[in-house]
Every structure is written in C-alpha cells, then in structure tokens.
Amino acid sequence: MADFITQFPANEVVSRENFNSRISLANTAMANIKGSIDNHKADNKNPHKTTLAQVGGSRDNMARNWDLTNPANQRGITTLTVTAPLQYGLDCWSSYNCTIKVNSGNSTNIRFLSTADHKRFVQMHESQEVLKAGVTYTLTIFARCNIVSGTVGLRPCDSSYSGAEQIDLAASSDYIPYFFTFTPSSDVHGYGIEILAQNTVNDYADIDIKYWKLEPGTAQTLMRLNENNQWVLNDPSPNPQQVLDECQRYHQVLKGFYAPGAAELIDGVDVLMFGINLPVPMRITPSFPPTNINVQIAGAGGDNYYTNLPVSFKWGSNTRLSLVAVNPDISKYPRSRPITARIDTDLHFYAELQ
C-alpha cells in the first residue's frame with residue numbers, strides 16, 4: 001500500500017482535493033489487489049491455487065484407483081504397450097497407443113507412442129454416475145511431464161469420449177499439480193477423466209503420474225505446500241483393500257483357490273461342478289469364456305492332478321457361479337459324490353466399462 005498512499009505531511013493543510021486524491025489512490029490500490037486475485041483464480045495452470053487444501057480442507061475423490069504410486073493391479077502388469085482399440089491395464093484405467101510402466105511405490109509412467117494418431121489414458125464411469133449441470137468441478141493430477149510435444153490435454157469427457165474443454169499440459173522438471181476447473185452446461189452421465197493427445201503424430205508425451213483427483217469445487221484439494229514449500233499429499237492415502245474392493249466390481253481374479261463340488265449328470269453329460277463365491281458383487285454378469293485349467297481334484301477316487309482341463313462357467317448370482325468340467329473319470333468321481341478342487345490357474349472375470 002505504501003507505494004500508493006502516503007500520509008499527510010504535518011504541515012499540510014487538509015483539503016477536499018488532496019483528501020479525495022488519497023481516496024482515489026486507495027481505490028486504485030484495491031482495484032489492483034482485486035485484479036491480481038481474479039487473475040490468480042482464473043489461472044488454471046497456477047500450482048498455488050490450494051486455499052482449501054492449505055488449511056487442511058478436502059473433498060471426496062470421485063476418481064477410482066487414484067493413487068498410481070500403489071495402484072490396484074490385478075493383471076500384475078509392470079510394462080504394457082497398447083495400440084488401438086482401448087485396453088485395460090491397471091484396474092479401472094484403459095488406454096491405447098501408449099506404453100504404461102508401473103514403478104511400484106513411486107509412480108506410473110505413461111508414454112504415448114509417437115507414431116500413432118489419437119492417444120489416451122482414461123477412466124470411464126457408469127451411466128448412473130453424473131457430473132451435474134451448473135456444478136463446478138476440479139480435475140487434478142500430481143505429475144511430472146518429462147516430455148510434452150504438440151497438444152496434450154487433461155480433461156473430462158462424456159460416455160462417447162468427447163470433450164470440448166481441457167488444460168494443455170506443459171513439461172516440468174518436478175512433480176507439480178496440474179488442474180483444470182470446469183462447469184458442465186448439461187448433465188454428463190457416464191463421464192470419463194483422461195489425458196489425451198489429439199489427432200496428429202506430433203502430439204506426444206512422457207508423463208510420470210502419482211495421483212489423480214476429481215472433486216466438486218473451484219480449487220484442487222489433492223495437494224498442499226508444507227512448511228518447507230514442498231508439495232505433499234493433502235488427502236489420506238487410500239486403503240489398498242478398499243481400493244481393490246471397488247475395482248473388483250469391474251474385474252476379479254481368483255488365484256490358487258479351493259472349491260467344493262460334486263459329480264453330476266447334466267443334459268446327459270457327466271460333469272464336475274464346483275461352486276465359486278466371489279468376494280465382491282460384480283457390476284454385470286461378467287464375461288468368462290471357456291478356458292483350460294490346471295486342477296487338483298480330491299474325491300472317492302483319490303487325489304488326481306489334471307492339466308489343461310476344459311471348463312466353462314454358469315452364473316448363479318452376482319457373487320456366485322459354478323465352474324463346470326466334463327468328468328475326466330466317472331469311476332473315480334461317481335455321481336452325487338462330493339469332491340474338492342484346488343484350482344491353480346488364474347481365473348479372470350470381466351465386467352469392465354468400454
């Protein structure tokens with residue numbers, strides 16, 4: 001303020017003119033302050049727009065599997081290169097024309113293929129999940145953009161992967177929050193959040209991502225600056241089991257498990273049926289194409305190990321299904337006698353969004 005307003009000198013006679021002059025200076029100073037604040041609020045690239053986070057405030061995170069330093073990763077990927085069409089890698093995240101590398105405990109690297117056109121890393125949501133018209137949201141990633149060439153944006157999209165607004169990412173030598181504030185003009189059902197390289201081979205990026213957040217509000221609350229002026233996670237780290245439970249609505253993997261069953265006659269065919277209980281109800285009846293499994297079967301005929309035994313699946317409820325195999329030896333597994341199987345093959349059940 002001292003640059004704008006000075007005190008009346010002791011020997012100066014106060015007059016209407018010089019008093020009004022100082023009022024004018026005060027108004028100019030306040031207008032400059034207000035202008036700086038408005039510019040600060042409007043600058044979506046400004047990493048210091050963290051007022052709520054700085055005082056410990058936060059909002060619920062609408063993104064799934066958002067901690068990419070320790071993501072749910074039921075496929076167990078370390079490096080995955082995907083070309084079109086979209087393909088899932090990490091739970092609830094799909095991509096195409098990029099390579100994903102999981103650096104456990106540190107970050108997840110997204111490297112778009114420089115020889116391809118459209119490139120994206122995206123998370124889609126269900127149709128009953130809605131971005132409401134007239135409500136302001138903030139989408140944030142905490143990331144280091146090692147290389148950015150051309151137009152590479154952080155944005156929301158609709159269920160058809162279309163979006164009109166985005167923040168263009170810029171290269172950075174350190175991890176910083178990139179965030180984009182937007183207000184839908186109409187309800188968006190089944191929305192997505194993504195990093196998108198547009199439609200030329202010149203649009204390319206190499207990005208290390210630690211965290212994502214989508215939240216209602218006009219400022220990000222994912223990160224805050226600590227007393228050493230370092231960015232730290234403002235939200236508590238997610239519980240890994242809760243993250244897995246949420247992701248298993250869309251994809252479940254059963255590994256090395258035991259299943260009770262019985263030998264039965266179904267449609268004139270002697271089969272073995274094993275009941276399987278899923279830990280989490282799935283979104284829809286999952287896909288489970290016929291496959292071959294390695295299985296140890298214990299029954300009246302003793303313990304026997306079978307490799308590449310063909311099986312199919314019958315869905316009972318959203319948490320229970322039956323694994324069905326042609327009886328390999330009815331003399332060992334007579335009808336209506338109980339049996340137990342130890343299944344050594346990973347079984348994947350898919351109910352993911354596309």
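Aspartate 208 is buried in this predicted model, with a relative accessible area of 7%. Its side chain meets that of arginine 144 in a salt bridge, 2.8 Å from N to O. Arginine 144 belongs to strand β8 (residues 137–149) and aspartate 208 to strand β14, so this pair ties together parts that are 64 residues apart in sequence. Unlike its buried partner, arginine 144 is partly exposed, at 25% relative accessible area.

**Salt bridges**

The count of salt bridges comes to 14. Three of them are listed below with their N to O distances.

| Basic residue | Acidic residue | N to O distance |
|---|---|---|
| Arginine 64 | Glutamate 129 | 2.6 Å |
| Arginine 144 | Aspartate 208 | 2.8 Å |
| Arginine 342 | Aspartate 344 | 2.9 Å |

The bridge between arginine 64 and glutamate 129 links distant parts of the chain, with the two residues 65 apart. Arginine 64 sits in the loop between α2 (51–54) and β1 (79–82). Glutamate 129 sits in the loop between β6 (119–124) and β7 (130–131). Arginine 64 has a relative accessibility of 7% and therefore counts as buried, the cut-off being under 20%.

In the pair formed by arginine 342 and aspartate 344, both residues fall between the cut-offs of 20% and 50%. Arginine 342 is partly exposed at 27% relative accessibility, and aspartate 344 is partly exposed at 31%. Elsewhere, Arg59, Lys213, Glu215 and Asp235 are joined into one network by salt bridges that share partners.

**Nonpolar cores**

In soluble globular proteins, nonpolar side chains tend to be buried together. Here the largest nonpolar core holds 59 residues. Phe112, Leu154, Leu169, Ile195 and Trp212 have the most contacts inside this core. Strand β14 (residues 204–216) supplies the largest share of the core, seven residues. Aspartate 208, the buried partner of arginine 144, lies in that strand too.

What does leucine 169 touch, leaving aside residues up to four places away in sequence? Its contacts are Ile141, Cys145, Val148, Val152, Gly153, Leu154, Tyr178, Ile195 and Ile207. Two of these contacts, Leu154 and Ile195, are also named among the residues with the most contacts inside the core. A second, separate core has 27 residues, including Ala263, Phe313, Ala341 and Phe349.

**Largest pocket**

The largest pocket contains about 200 Å³ of space. Its lining is made up of 14 residues, and Pro156, Glu165, Phe182, Pro184 and Val188 lie nearest the centre. By type, the lining divides into seven nonpolar, five polar and two charged residues.

**Backbone angles**

Most residues other than glycine have a negative phi. Tyrosine 161 has a positive phi of about 65° although it is not a glycine. Tyrosine 161 is in the loop between β9 (152–157) and β10 (167–168), and is buried at 16% relative accessible area.

Serine 336 also has a positive phi, near 70°. Where in the chain does serine 336 lie? Serine 336 is found in the loop between β22 (320–326) and β23 (338–343). With a relative accessible area of 66%, serine 336 is exposed, whereas tyrosine 161 is buried.

Conventions:
Residues are numbered from 1 along each chain as its sequence is written. This is a predicted model: local features need pLDDT of at least 70, side-chain atom pairs count only at pLDDT 80 or more; totals for chains, interfaces and linings use all residues. Side-chain values use heavy atoms; hydrogens and water are left out. A nonpolar core is a set of buried Ala, Val, Leu, Ile, Met, Phe, Trp, Tyr and Cys residues joined through side-chain atoms within 4.5 Å. Buried means under 20% relative accessible area, exposed over 50%, partly exposed in between (1.4 Å probe, protein chains only). Helices (H or I, at least four residues) and strands (E, at least two) are DSSP runs, numbered from the N terminus. Contact means heavy atoms within 4.5 Å. A salt bridge is a side-chain nitrogen of Lys or Arg within 4 Å of a carboxyl oxygen of Asp or Glu. On a 1 Å grid over the protein atoms alone, a cavity is a set of points where a 1.4 Å probe fits but cannot get out, and a pocket is an open set with protein on both sides within 12 Å along at least five of seven lines; lining residues have an atom within 4 Å of a point. Grid points are joined across faces, edges and corners, and a volume is the space filled by probe spheres set on the points. Ala, Val, Leu, Ile, Met, Phe, Trp, Tyr, Cys and Pro count as nonpolar, Asp, Glu, Lys and Arg as charged, and the others, Gly among them, as polar.
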